[in-house]
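Here is a short, friendly briefing to read alongside the model. Keep the viewer open and follow along topic by topic.

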Amino acid sequence: MGYEMVLIKSPHRMESRKLGLALLVGFCIGVVTSFISITLSSGNQFPSSYDEMKSKKQMKQTSSSTNDTALSTVQTKDDAVELASGKEANHGENADDRVQHTTKKQETIESKPPGIRDHFDENIGFERAEATKAACDLSNPRTDVCELHGDVRIHGKSSSVVLVSADRQPRNPERRQSWQIKPYARKFDKAAMAHIHQVSVRSSNGLGDDVPRCTTNHSVPAVVFAIGGYAGNYYHDFTDVLVPLFITSRRFDGEVQLVIGTKNLWWISKYEPILRKLSRYEIVYSGSDDRVHCYPHAIVGLHSHKAMSIDPARAPNGYSMVDFTRFMRSTYSLGRDSPIKLGDDGGRKPRLLLIPRQGTRRFTNFQEIVGVVEESGFEVVVAEAKMGSKVAEVARVVNSCDVMMGVHGAGLTNFVFLPTDAVIIQVVPFGNLENISRSCFGYPSEDAKLHYLEYSIREEESSLIEQYPRDHPVFKDPKSIHRKGWNKMGEVYLDKQNVKLDVNRFRPLLLKTRQLLHR
């Protein structure tokens with residue numbers, strides 16, 4: 001009643017209040033309507049923006065997870081890495097301690113920022129549309145190799161290689177990677193590796209002061225390696241450097257620059273034709289070079305598969321030892337790709353290259369051996385490379401022959417110049433050295449499509465019978481000598497032993513050699 005009384009008693013005041021209330025309600029409705037209108041007009045955009053933000057966040061998390069995780073692949077390999085074979089072959093391994101390469105693991109980092117064009121800037125280096133990528137394989141018992149794509153900067157004097165990310169954005173420090181590489185393909189041999197300088201390889205986002213500015217720009221890839229270890233030993237020059245260098249750089253067909261840690265000019269001069277065939281560019285000697293060389297792609301270290309040979313399944317373009325020997329014949333302009341074929345030669349005799357050796361493991365009845373070889377229908381060529389011999393001269397002599405024969409040693413490395421399908425005869429000294437000898441020259445020559453024959457020396461053919469009693473462990477238990485270590489084994493069976501070949505026992509092998517040349 002009171003309320004109604006008020007309304008009845010004051011009709012004028014009621015209208016005034018009603019009008020005020022109406023204005024208030026109208027204002028509120030207007031505000032609400034405007035808000036609803038704005039919300040409806042943008043309602044279709046908000047969910048899209050949110051989904052995009054969420055998607056970007058997920059992609060970022062996925063990318064970070066991918067880059068923080070090392071990639072690994074498993075690769076089975078049946079062959080042993082390399083077996084010891086004397087001062088002129090393999091140091092630090094022996095037949096009882098074969099190392100098998102059973103796995104391959106790569107540590108990889110990758111980033112690909114959008115909207116970056118391919119170009120080079122003298123201050124910031126290469127910016128490339130494809131991903132900046134670093135992949136290092138440290139699992140191979142023979143060698144460590146890093147392959148870098150993108151803005152790669154090499155400062156020789158500090159032995160450092162830096163891969164600079166193209167996005168120039170701060171990133172998780174955990175994604176920054178670094179590796180220490182000794183770019184010489186004899187990782188398992190501590191004695192050889194002790195003389196190889198270490199190269200620092202790392203990735204950087206380019207935001208700090210730790211990235212050197214480019215001073216010399218290159219448009220081709222670089223291959224960084226070292227000449228050291230047992231450099232100068234003919235066998236080691238090939239198995240540790242030249243064959244791995246072929247595997248690593250031949251795919252570029254000359255469009256690659258070689259970056260060598262030390263300036264061994266005598267070594268470079270000796271193998272200059274091979275190096276020039278692999279690269280059309282001036283060699284960079286990085287050891288004392290204070291310039292910063294910038295490349296779009298660099299490989300630090302040399303790929304290596306096994307002793308003095310190539311595994312086509314692991315090599316770029318499926319390269320094999322047949323390709324390597326063909327490359328060597330092309331490099332030195334050698335004319336013969338195949339040996340004589342008996343029966344189609346008009347009566348010409350096959351040529352047999354006999355390596356005499358002037359030091360240890362020499363033939364003590366050399367003239368008698370020459371006689372039986374000639375009696376078996378061969379033309380004998382006697383030659384041995386000496387210190388200072390030109391590789392080109394040796395290559396021409398070897399390539400002119402159909403058969404090469406010698407006692408286990410560095411001279412047999414010249415099989416790389418023989419024509420495909422030629423024959424190599426390795427005379428193995430006494431002392432359980434068969435596995436070592438096959439690893440160095442037997443398997444590699446077969447990989448090169450040569451016919452490999454082997455002749456093992458007996459006690460009575462060895463000069464060791466003049467130094468030790470016949471009941472000595474040197475004869476009765478050669479493995480016990482091997483167990484005393486490489487130095488002791490080498491001293492006895494490699495450094496102190498010469499060979500008196502039993503020509504009557506050897507004659508059937510010469511007959512078999514002629515049969516192989518009939519094929």
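Helix 15 (residues 503-517) lies across strand 15, strand 17, strand 18 and strand 19, and runs at about 180° to strand 19. Please keep in mind that this is a predicted model. The points below begin with the sheet under that helix's strands, then turn to a helix pair, a loop serine and the cysteines.

**The parallel sheet**

- Five strands form an open sheet in the order 16-15-17-18-19, and their pairing is parallel.
- Strand 16 and strand 19 (451-456) are the edge strands, each pairing on one side only.
- On average, neighbouring strands in this sheet are turned by 20° against each other, direction ignored.
- As general background, strands of a sheet pair through backbone hydrogen bonds, in either a parallel or an antiparallel way.

**Strand pairs, one by one**

- Four bridges connect strand 15 (residues 351-354) with strand 16 (residues 379-382) in the parallel sense.
- Within that pair, L354 has V382 of strand 16 opposite it.
- Helix 9 (residues 366-375) joins the picture here: strand 15, helix 9 and strand 16 make up a right-handed β-α-β unit.
- Strand 15 also runs parallel to strand 17 (residues 403-407), to which three bridges join it.
- For L352, the bridge partner in strand 17 is V403.
- Further along the sheet, strand 18 (residues 423-428) pairs with strand 19 over six bridges, again in the parallel sense.
- Q426 faces E454 of strand 19 in a stand-opposite position.

**A crossing pair of helices**

- The axes of helix 5 (residues 234-249) and helix 8 come within 11 Å and cross at roughly 90°.
- That crossing falls in the 65 to 115 degree range, and therefore helix 5 and helix 8 count as roughly perpendicular to each other.
- Helix 5 contributes F238, L242, V243 and F246 to the contact, while helix 8 contributes D323, F324, F327 and M328.

**The serine ahead of helix 8**

- S320 sits in the loop between strand 14 (292-300) and helix 8 (321-331).
- Is S320 buried or exposed? Its relative accessibility is 14%, so S320 counts as buried, the cut-off for buried being under 20%.
- Leaving aside residues up to four places away in sequence, S320 touches F246, I310 and P312; F246 is also one of the helix 5 residues in the contact with helix 8.

**Cysteines and disulfides**

- The structure holds two disulfides, and with bonded cysteines counted along the chain they follow the pattern 1-2, 3-4.
- One disulfide joins C136 to C146, with an S to S distance of 1.9 Å.
- This pair links distant parts of the chain, ten residues apart, with C136 in strand 5 (residues 132-137) and C146 in strand 6 (residues 145-155).
- The torsion about the S-S bond of C136 and C146 is about 115°, so this disulfide is right-handed, and both cysteines are buried.
- Another disulfide joins C214 to C294, also with 1.9 Å from S to S.
- C214 lies in the loop between strand 9 (199-204) and strand 10 (216-217), whereas C294 lies in strand 14, 80 residues apart.
- The link of C214 and C294 is left-handed, with -95° about the S-S bond, and C214 and C294 are both buried.
- C401 has a relative accessible area of 0% and is buried; C440 is likewise buried, with 0%.

How values were computed:
Residues numbered from 1 in each chain as written. Predicted model: local features only at pLDDT ≥ 70, side-chain atom pairs only at ≥ 80, totals over all residues. Heavy atoms only, no water. Pairing = 2+ DSSP bridges. Helix = DSSP H or I, 4+ residues; strand = E, 2+ residues; numbered from the N terminus. Right-handed = clockwise from strand over helix to strand, strands pointing away. Buried < 20%, exposed > 50% of the residue type's maximum accessible area, 1.4 Å probe, protein only. Contact = heavy atoms within 4.5 Å. Disulfide = S-S within 2.5 Å. Axes fitted to C-alpha atoms, helices over the stretch in contact; angles between N-to-C directions. Parallel < 35°, antiparallel > 145°, perpendicular 65-115°, else oblique.
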